Amino acid sequence: MEPKVYIDGAFYPKSQAKVSVFDHGLLYGDGVFEGIRVYSGRIFRFKEHMDRFCESARSVGLAFNLDRAGLDKAVIDTVRENGMRDAYIRLVATRGVGDLGLDPRKCGKSSLFVIVDSIQLYPPKLYEEGITVITASTRRCNPDMLSSKVKSLNYLNSIMAKMEANLAGCIEALMLDSNGYVCECSADNIFTVKHGEVFTPAPEFSLLMGVTRGVTIELARKLGLVLHEAPMTRHDIYTADECFLTGTGAELVPVIALDGRAIGDGKPGPVTARLLDAFRGLRTSEGTAVFA
């Protein structure tokens with residue numbers, strides 16, 4: 001069966017799901033989005049994802065034609081319509097159709113669409129073997145330019161870093177701020193482990209407050225691990241005992257090298273394994289039920 005896409009209140013087959021070439025989301029990246037996972041028929045951390053989606057929209061002055069209950073229903077209905085018990089949801093809101101000028105007042109109304117599909121960012125073996133990462137020359141935008149808390153459609157900054165990773169034969173690229181502090185990777189948050197304690201960059205260092213990042217912090221504390229949100233440099237990663245990335249699509253994936261330097265013994269570490277196991281247990285035991 002061909003997947004169905006929700007667009008402004010109606011469902012369309014994937015092959016017929018289209019937006020206008022005059023939509024400001026396409027012309028200028030003027031919109032926001034959210035990636036959400038469905039596990040075993042439950043939407044994982046649905047409220048947290050929807051809260052962030054709404055906050056991103058409010059930050060950029062983008063109003064919806066639905067209230068919060070309507071937004072939630074649109075997402076749940078799309079999952080049901082596609083009948084997928086394990087899936088990835090892409091929720092997108094754009095400023096809507098306007099003209100070729102920048103003025104958002106020319107956009108009559110915002111547009112909302114929901115895609116439900118499968119996703120696999122990394123091959124399963126990499127969760128056992130780990131991945132290698134390089135540092136991108138592309139820097140994260142300073143928060144006084146555009147808040148990193150806004151998950152906007154303009155991902156060119158991340159795409160340029162991802163291109164550097166591809167050229168280096170790596171899957172991911174570490175991104176720094178203008179002062180050389182670690183922010184995150186092109187699509188994932190980053191954690192390290194040193195002497196059994198867990199570290200991750202503090203929120204003020206131009207990073208997106210990932211939902212999986214928050215879950216990992218919760219799990220670390222439940223496991224009795226000491227966790228620090230602090231300034232980090234590449235030195236802290238080079239000299240760490242372990243390193244891993246977190247994200248909705250990636251979940252938790254170990255990192256075994258940065259810029260050609262092995263992290264720890266060059267293998268996924270025990271703390272990473274404990275957190276990954278705890279995450280996999282949590283994702284199948286909680287969530288917003290979609291199917292009766």
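Start with the lining of the largest cavity, which by class has 4 nonpolar, 3 polar and 1 charged residues. To see it in this predicted model, select Arg37, Tyr39, Phe44, His49, Val211, Thr212, Thr248 and Phe279. Strand S3 (31-39) and helix H6 (211-222) are the elements that give two or more residues to this lining. The space inside is about 50 Å³, and the structure holds 1 cavity of 30 Å³ or more.

Next, move to the largest pocket, with a volume of about 860 Å³. Which residues lie nearest its centre? Select Lys151, Tyr155, Ser158, Ser186 and Leu208 to find out; they belong to a lining of 40 residues. Now colour the elements that give two or more residues to this lining: S3, strand S5 (87-94), helix H5 (156-167), strand S9 (182-185), H6 and strand S13 (242-247). The lining residues divide into 15 nonpolar, 16 polar and 9 charged.

The second largest pocket is your next stop, at about 340 Å³. It has 18 lining residues, and Ala17, Val19, Val92, Phe113 and Ile115 are the closest to its centre. Strand S1 (4-7), helix H1 (24-28), S5 and strand S6 (111-117) each supply at least two residues of the lining; the largest share, 4 residues, comes from S6. By class, you will find 11 nonpolar, 2 polar and 5 charged residues here.

Now turn to the charged pairs. Side chains of opposite charge can pair when their charged atoms come close. How many salt bridges does a search of the whole structure find? The total is 19, and three of them make good stops.

Select Arg45 and Glu286 first: their closest N and O atoms are 2.6 Å apart. Arg45 sits in the loop between strand S4 (42-43) and helix H2 (46-59), and Glu286 in the loop between helix H8 (270-283) and strand S16 (288-289), so this salt bridge ties together parts 241 residues apart in sequence. Arg45 counts as buried, at 9% relative accessibility, whereas Glu286 is partly exposed at 25%. Add Glu48 and Glu218 to your selection, and you have a network of salt bridges that links them with Arg45 and Glu286.

For a pair within one helix, go to H3 (residues 68-82), where Lys73 and Asp77 lie 4 residues apart, about one turn of the helix. Their closest N and O atoms are 2.6 Å apart, and Lys73 is exposed, with a relative accessible area of 51%.

Finish at Asp99 and Lys106, whose side chains meet in a salt bridge at 3.4 Å, N to O. Asp99 is partly exposed, at 29% relative accessibility.

Notes
Residues are numbered from 1 along each chain as its sequence is written. This is a predicted model: local features need pLDDT of at least 70, side-chain atom pairs count only at pLDDT 80 or more; totals for chains, interfaces and linings use all residues. Side-chain values use heavy atoms; hydrogens and water are left out. On a 1 Å grid over the protein atoms alone, a cavity is a set of points where a 1.4 Å probe fits but cannot get out, and a pocket is an open set with protein on both sides within 12 Å along at least five of seven lines; lining residues have an atom within 4 Å of a point. Grid points are joined across faces, edges and corners, and a volume is the space filled by probe spheres set on the points. Ala, Val, Leu, Ile, Met, Phe, Trp, Tyr, Cys and Pro count as nonpolar, Asp, Glu, Lys and Arg as charged, and the others, Gly among them, as polar. A salt bridge is a side-chain nitrogen of Lys or Arg within 4 Å of a carboxyl oxygen of Asp or Glu. Buried means under 20% relative accessible area, exposed over 50%, partly exposed in between (1.4 Å probe, protein chains only).
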